[in-house]
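Let's walk through this model together, one question at a time. Have the coordinates open as you read.

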Amino acid sequence: MTQNGDASRGMESLRGKTTLREILEVATGFEAGARDFYRALIPRVSKRIRYLVEDLAAEEQTHFDLFSAMSQRADIAEQVKLEIERTASDSKFSDCLQVQDLGEQPDDQSVLQYAMGREQAAMMHYGELAQTAPPGPIRDLFQYLAGEETRHKLELEKVYYATIYRGGGV
Amino acid sequence: MSVRDLLSPFTAWKNLFRDPVTIRDPLNDRPGSARYRGFHQNDIEKCIGCGTCEAICQNKAIDMVPVEGSPTKQGDSGLRPNIDYGRCCWCALCVDVCMTKSLTMSNAYTWVESDPDAFRFTPGVDKKHWDNAELGYRRPDGHRLTERLRIEMDEMAPQTRIESFSEIVAGYDIEQARLEADRCVACGLCVATCPAHMAVPDYIAAVRDGDYLRGVKLLYDSNPFSGICGRVCTHKCETACASRHEGDPIAIRWLKRHIMDQVSFEQCRDIVGGPGAATGKKVAIIGAGPAGLTAAFDLAKLGHSVTVYEALDKPGGMTRWGIPEYRLPYASIDRDIDVIRSVGVDIRCNVRIGKDITLEQLRTSHDAVLLALGLQLGRATRTPGSDHADVRKAVDLLRQATAGEDFGTPRQAVVIGGGNVAMDIARTLARLQKKEFGKVQVTLTALEDLAHFLADPDEIKEAGEEGIVILDARGPQQVVVENGKVTGLKTWRVKAIFDEQGRFAPSYDESDEQFHAGTMVVEAIGQMTDSSLLGDALTEKLTWNRGRLQVDAGGRCSESWLWAAGDMVRGPDIVTAVADGHRVAASIHEVLAAKEQTK
């Protein structure tokens, strides 16, 4: 399984979308896909690290709920403008990790690396789309989505450090 | 009667225009002198509740009492002095002995109350009109009733110690130990901080009295790893010591070591005594580290038949396989373990549970099973290139070094990590390089800046003295491999290591890249437990808490026959593992005793 493959093709489909609601619906679909992926992964990993995958699925559900709620709003453009002011800068940490396939029985480090890699890929794709989109609400929306993915990646990096560098657990 | 007699009374009128020589309102207009020992003041924020004022008071005028808003925390009992002015003689010994200079005396000396009980009060808590008085008695700078600086311990010079794995520190001699023990005010803040709650002031008093047999008895009451802890304990007790506020903390760890150094193995064995009266109950313990062996010691003393299974060929766990001999000589480990054996603990080495014996077999043949597996697996950074064979884990190399195996000492090495394990492997490699190549070429890189290194400050200092280049705030970016061989490590500068909430979250500056040459890269970051012996079915049955086995306060798992203790439950720390061993042994004993009663 590669993290960039399907996601990349999905991201490309965003280029053809012309309304904010359409873009948000596609982005929401990505989150649902990720959530379902983690939910399916739960029984595949050892029980001792299952909490990690459950947390990841819950995180994706939170994002799914956030984007779904936003797509239903009449003032999407205004809301996006407000949200992109909460910028998050990339820590560059995930650039230094080997991206690995999850394999049959992934350990906690592999799961976290996979999740960070996925967020990294999404962040970069949304960022590219924002750069190529003309100024206006659609660019703003891509910037917002890139910011959300960056924020999520930063959170995962904190969990990664607590588990791998500062851990001492199983 | 003369004329003079008649007129003389009127001569007093000449004083009518002079200044008065008496005080009009002596109760209010006459302040005490600048250094008068008047009513007490206490700076509640500076006070640590050590109680030395209470201990020194010759009239028993001071009681330490709990007060609202001063919670108990590390290095602060939360208690504050309550003073009885029916007893106080204003000698100011309490002020002179105060370890933080929080207790002072104002120059106020008048206080009118109708209620006699009001003259017992808690300065700084019960508001008084002299609370902000600037004059009065304070302990003069430089005037102390105890020595400020600790007695230095002799240790090898860097150029000597790098030549071998001989122990660096010499240990106190009797005179040095007594002088150091004399600095202790016996406040006991250390007791609360020590995970094993060792009777620190009492065993320091034994050093002062030269009564080492009493000292050993006190040590073994709470810690069968006292010889080991006397050398390598994380000595959290010293971070709570009242003496650290105006000088060095008492060298508690070294005093513990001193006691153990004065007493022979035979004396220790006799003091500890043999096993308890046999109960007929059998306990299996997996892992011969501090937690497992402490539990074994307690359970054997209670009369249970205890067998400890150890996968490696010698007991001791990470104390033996993770700590280099220059810090902890193997003879010290052997002595502590031999005392544990002397109470009847059967330690079987080279037995790997899950391979040589199954966990199920242990379960059926014993009344209780304790897992004390430790954290013997090293984490990997998984940076690009880190899957190369010459990228090694510190815990593996330390284990090989202890076993005397040749793992191919690199001429140049890079270590990743800023904790004690990183320092241990860097200093081990330095000694091996010195022996093999005549010079040290080890670079240590860590994410943290120096102020936030997890390693003991002494370790960092000594590593630097031994020629190890320590580069802080460097994040591993890539292990560089050329023509199939490791040539070094690329790092990026770490801009910040904590986020705004204080969580560990390093962020990198990719524009600041450095290359550190080395033919071997050693990863010394986190550690984890190898819990594969549990097997899939039991792993699935057990309850877990965010990656660790969920245990109750006594260390019992969700399966009633199984307990877990030590680093695998609490994280890495020897004295914490010892404390956990006691806790779990008490829980196992309680359960076994209850079973016996219901028969």
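**Contacts, sheets and core**

Leu429(B) is found in helix H19 (residues 420-437) of chain B, where helices (H or I, at least four residues) and strands (E, at least two) are DSSP runs numbered from the N terminus. This is a predicted model, in which local features need pLDDT of at least 70, side-chain atom pairs count only at pLDDT 80 or more, and totals for chains, interfaces and linings use all residues. Residues are numbered from 1 along each chain as its sequence is written, while chains are lettered from A and ligands numbered from 1 in the order in which they are written.

Q: Is Leu429(B) buried or exposed?
A: A residue is buried if 20 or more other C-beta atoms, placed from the backbone, lie within 10 Å of its own, exposed if 12 or fewer, and partly exposed in between. Leu429(B) has 27 other C-beta atoms within 10 Å, so Leu429(B) is buried.

Q: Leaving aside neighbours within four places in sequence, which residues is Leu429(B) in contact with?
A: Two residues are in contact if their C-beta atoms, placed from the backbone, lie within 7 Å. One partner is 20 residues away along the chain, with a C-alpha separation of 7.0 Å from Leu429(B): Thr409(B). With sequence neighbours within four places set aside, the contacts of Leu429(B) are Thr409(B), Ala413(B) and Val442(B).

Q: Which strands stand at the edges of the open sheet of order E9-E8-E7-E10-E23 in chain B?
A: This open sheet has five strands with parallel pairing, and two strands pair if DSSP finds at least two bridges between them. Each edge strand has a single partner strand, so one side of each is left without a neighbour in the sheet; these are E9 (346-348) and E23 (562-564) of chain B.

Q: Which residue stands opposite Val308(B) in E9(B)?
A: Strand E8 (residues 305-309) of chain B pairs with E9(B) in the parallel sense over three bridges. Opposite Val308(B) in E9(B) stands Ile347(B).

Q: What angle does the direction of helix H14 of chain B make with that of E8(B)?
A: H14 (residues 290-301) of chain B packs on the sheet and touches E7 (282-286), E8 and E10 (368-371) of chain B. Axes are lines fitted to C-alpha atoms, for helices over the stretch in contact, and angles run from 0 to 180 degrees between N-to-C directions. For H14(B) and E8(B) the angle is about 165 degrees.

Q: Which residue in E3(B) is the bridge partner of Val65(B)?
A: An open sheet of three strands in chain B has the order E2-E3-E5, with antiparallel pairing. E2(B) and E3 (residues 79-84) of chain B pair over five bridges. The bridge partner of Val65(B) is Arg80(B).

Q: Which helix supplies the largest share of the largest nonpolar core?
A: A nonpolar core is a set of buried Ala, Val, Leu, Ile, Met, Phe, Trp, Tyr and Cys residues joined through C-beta atoms within 7 Å. The largest one holds 197 residues, and Leu370(B) and Ala426(B) are among those that touch the most other members. Its largest share, eleven residues, comes from H6(A).

Q: How many residues does H6(A) give to the side of chain A that touches chain B?
A: The contact takes 26 residues from chain A and 33 residues from chain B. H5 (108-132) and H6 (137-165) of chain A each supply at least two residues of chain A's side. The largest share comes from H6(A), with seven residues.
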